[in-house]
Protein chains: 2
Amino acid sequence: MTRQDAKPAKISASARNEALEPSSPVMTFGRDKPLRLDAGVDLAPFQIAYQTYGTLNAQRSNAVLVCHALTGDQHVASLSPVTGKPGWWENMVGPGRPIDTERYFVICCNVLGGCLGTTGPASIDPGTGEAYGLDLPVITIHDMVRAQSMLLDEMGIESLLTVIGGSMGGMQVLQWAASFPERVFSAIPIATGARHSAQNIAFHEVGRQAIMADPDWRGGRYVAEGVSPRKGLSVARMAAHVTYLSEAALHRKFGRTLQDREAPTFGFDADFQIESYLRHQGMTFVDRFDANSYLYMTRAMDYFDLEADYGGSLANAFAGSSTRFCVMSFTSDWLFPTAESRTIVHGLSAAAANVSFVEIESDKGHDSFLLDEPELFRTIDGFLSAAGRLRGLS
Amino acid sequence: MTRQDAKPAKISASARNEALEPSSPVMTFGRDKPLRLDAGVDLAPFQIAYQTYGTLNAQRSNAVLVCHALTGDQHVASLSPVTGKPGWWENMVGPGRPIDTERYFVICCNVLGGCLGTTGPASIDPGTGEAYGLDLPVITIHDMVRAQSMLLDEMGIESLLTVIGGSMGGMQVLQWAASFPERVFSAIPIATGARHSAQNIAFHEVGRQAIMADPDWRGGRYVAEGVSPRKGLSVARMAAHVTYLSEAALHRKFGRTLQDREAPTFGFDADFQIESYLRHQGMTFVDRFDANSYLYMTRAMDYFDLEADYGGSLANAFAGSSTRFCVMSFTSDWLFPTAESRTIVHGLSAAAANVSFVEIESDKGHDSFLLDEPELFRTIDGFLSAAGRLRGLS
């Protein structure tokens, strides 16, 4: 394995470029270091694209791993090279922020199966010289976490002060705590679940079918054929985006307000602001995300079921754990409602784990974990500071 | 206008045949009886396909109008000629049912813009000799109701014992009560709202974009070009179908159960039963429904806003009404949550209308109004019987 240092940021590089030659550092693992996937095959070679912020202390005790969600990336607190926009969690991670980069060494990797530089369906299959497409084995949350643990091995980081993430990131947090309890001093799973619900699988399946219905998807071989299933991916994103919000947030933000017009046009243009907004969400998404990666990410979430993986008992997953947990949910999140977090808390409690649980009052839906929610910031700041003190950070 | 009697039922006729030559009776309106649409143009000629059940009494006082939902039709209590399946509300309408066809004369019309014989985008535009496609003006709920009132005029029915319907059917009920209060003795709007919410518009827009993204949609001219946007319409139906259910219902019915397999296949086939079910819902829908009609129906619902139509006050819509209202909602309906029904009730109360309100405990989601819900049946039976007694029915 070799570490390639970051190239100068190519702001607004194409997503395709970032998949092949990411602007962030990359760790490569050769055929001597295969990753055994849950699908039953070895992945080798492969690479992980990541970002770090702050400085690892001499005791190597201040490392924080941030796990990103479905369409996130490693650029948690620095400009996205694809969009040129700020990192996706700059309100949470940075100097003086709850995850204070002046105190902690923050690591964030693009997940396995992603499209920002870590090996995924858009990467070149060394066996064919073409993009993997659907020839990449299906990736699980466990596979993502195993890959991250190999990166940490290479970085010489034995244990993490905390692992934190929301939504699919929260699933990785739970998997980390279950698979590598000795490496996880504390864990903060946010707006997530220990398994993906039938309704969530259903919404994901709608998105996948929208992509696969696009004739430019070409059975996943669109890169080789020089096309892109833009319309299908856009519809998938639109459908998903509605589920990230809440009726209250949509009502407050858009209501039934018309878009740049006084009266309905009696047609099928975007009469309402909400329509215009959704179309924009869909169209901008396809410029930054790979359609096949979207299939892999949604599938990874659908397959996640920690209880099933541990013999039908969530408590088994955390048996004997000394990790400190802070579980968080939002009142208006209907994708991962508080009941899912309570299930996690019950499993942890049954394992006699150290757990605190905070349900945050917010009407902003699932996306709340990415937004300015003072109670979220206060809770994480307090929990992380306490974990740091327990671990002897100054 | 002329009435054509029902042809013998052609069970499993194609949807296209039913749009052009419906198996049910049809009332046609010539150029001498145009329908002034909200879009500002006259529609003429046009036709309404409908079904009736039971017998109109001598006083013409026992007529019940059933208004169907987004993808419903006039075959409320008799076999669908397209699917060969029982009518969509046979548990509610029929001999000995709450809407008892031995006591009431039940009328149900395919709505304007529909695709089961009433004039819609699949009908032939007399100006071109081709299917209207998007050349049909956008239809509103108000337009649907005006067309129904013209049918009742022709049938010699001055006033209805009740108008009843769920979802988009409930919108028609509210519009009937607002537009023709003297013709509506009682009204039963179920699982509906006085306006379509931003979230609901958003989900509709996803469906429309899925249809329009299908290259076989051809700008709405697919009939003339001999193709059909099957994949797009199927995705639209899948997305909508999730919103008709509830997390609890999906969990109980499917959970994370795998489809005919012992373990996940690590692929993109329908591993989970919920995926297989959804794909089936999408595929069977395209055999019975017209894609352009789906655009028109969703648009009609999006445009519905009774408060806005009455100067910003829902009470104005019902001012001076002597109609008796029974408003119903279901606890697990997140498409038209109880709050929407409460808004209707508040508007009616502010207009000093006679209103009762029942929220039914059910975990089956929006679709509850179509399912076996004993409290729904009891409530409607009781309310309708009382209305009948007040009107002097034996």
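Helix axes here are lines fitted to C-alpha atoms over the stretch in contact, and angles run from 0 to 180 degrees between N-to-C directions. The model is predicted.

**Exercise 1. Helix packing in chain B**

Task: Describe how helix 5 of chain B packs on helix 7 of chain B, by angle and axis distance.

Solution.
1. Locate the helices. Helix 5 of chain B covers residues 230-244, and helix 7 of chain B covers residues 273-288.
2. Take the geometry. The two pack at an angle of about 130 degrees, and their axes are 8 Å apart.
3. Classify the angle. Values over 145 degrees count as roughly antiparallel and 65 to 115 as roughly perpendicular, with oblique for the rest above 35. Helix 5 of chain B is therefore oblique to helix 7 of chain B.
4. Add the hand. The crossing of helix 5 of chain B and helix 7 of chain B is right-handed.
5. List the partners. Helix 5 of chain B contributes Arg230(B), Leu233(B), Ser234(B), Val235(B), Arg237(B), Met238(B) and His241(B). They meet Leu278(B), Gln281(B), Gly282(B), Met283(B), Phe285(B) and Val286(B) of helix 7 of chain B.
6. Sort by class. The residues of this contact between helix 5 and helix 7 of chain B are seven nonpolar, four polar and two charged.

**Exercise 2. The two copies**

Task: State which rotation superposes chain A on chain B, and what symmetry follows.

Solution.
1. Read the operation. A rotation of 180 degrees, with 0.0 Å of shift along its axis, superposes chain A on chain B at an RMSD of 0.0 Å.
2. Conclude. The two copies are thus related as by a two-fold rotation axis.
3. Compare the surfaces. Of the interface residues of chain A, 100% are also interface residues in chain B, so the copies meet through the same surface.

**Exercise 3. The side of chain A that touches chain B**

Task: Break down the contact of chain A with chain B by number, helix and class.

Solution.
1. Count. In chain A, 43 residues are in contact with 43 residues of chain B.
2. Assign helices. Helix 4 (198-213), helix 5 (230-244), helix 6 (247-253), helix 7 (273-286) and helix 8 (291-303) of chain A each supply at least two residues to this side.
3. Find the main contributor. Helix 4 of chain A gives the largest share, 11 residues.
4. Sort by class. This side of chain A has 25 nonpolar, seven polar and 11 charged residues.

**Exercise 4. Domains of chain A**

Task: Describe the two domains of chain A and their contact.

Solution.
1. Set the bounds. The domain assignment gives domain 1 (2-198 + 305-390) and domain 2 (200-298) in chain A.
2. Place the centres. Taken over C-alpha atoms, the centres of domain 1 and domain 2 of chain A are 25 Å apart.
3. Count the contact. It takes 30 residues from domain 1 of chain A and 21 residues from domain 2 of chain A.
4. Sort by class. The side of domain 1 of chain A that touches domain 2 of chain A has 15 nonpolar, 11 polar and four charged residues.

Definitions and conventions. Residues are numbered from 1 along each chain as its sequence is written. Chains are lettered from A and ligands numbered from 1 in the order in which they are written. This is a predicted model: local features need pLDDT of at least 70, side-chain atom pairs count only at pLDDT 80 or more; totals for chains, interfaces and linings use all residues. Copies are superposed by least squares on the C-alpha atoms of residues with pLDDT of at least 70 in both. Two residues are in contact if their C-beta atoms, placed from the backbone, lie within 7 Å. Helices (H or I, at least four residues) and strands (E, at least two) are DSSP runs, numbered from the N terminus. A crossing is left-handed if the near helix is turned anticlockwise from the far one by less than a right angle, and right-handed if clockwise. Ala, Val, Leu, Ile, Met, Phe, Trp, Tyr, Cys and Pro count as nonpolar, Asp, Glu, Lys and Arg as charged, and the others, Gly among them, as polar. Domain bounds come from an automatic or database domain assignment.
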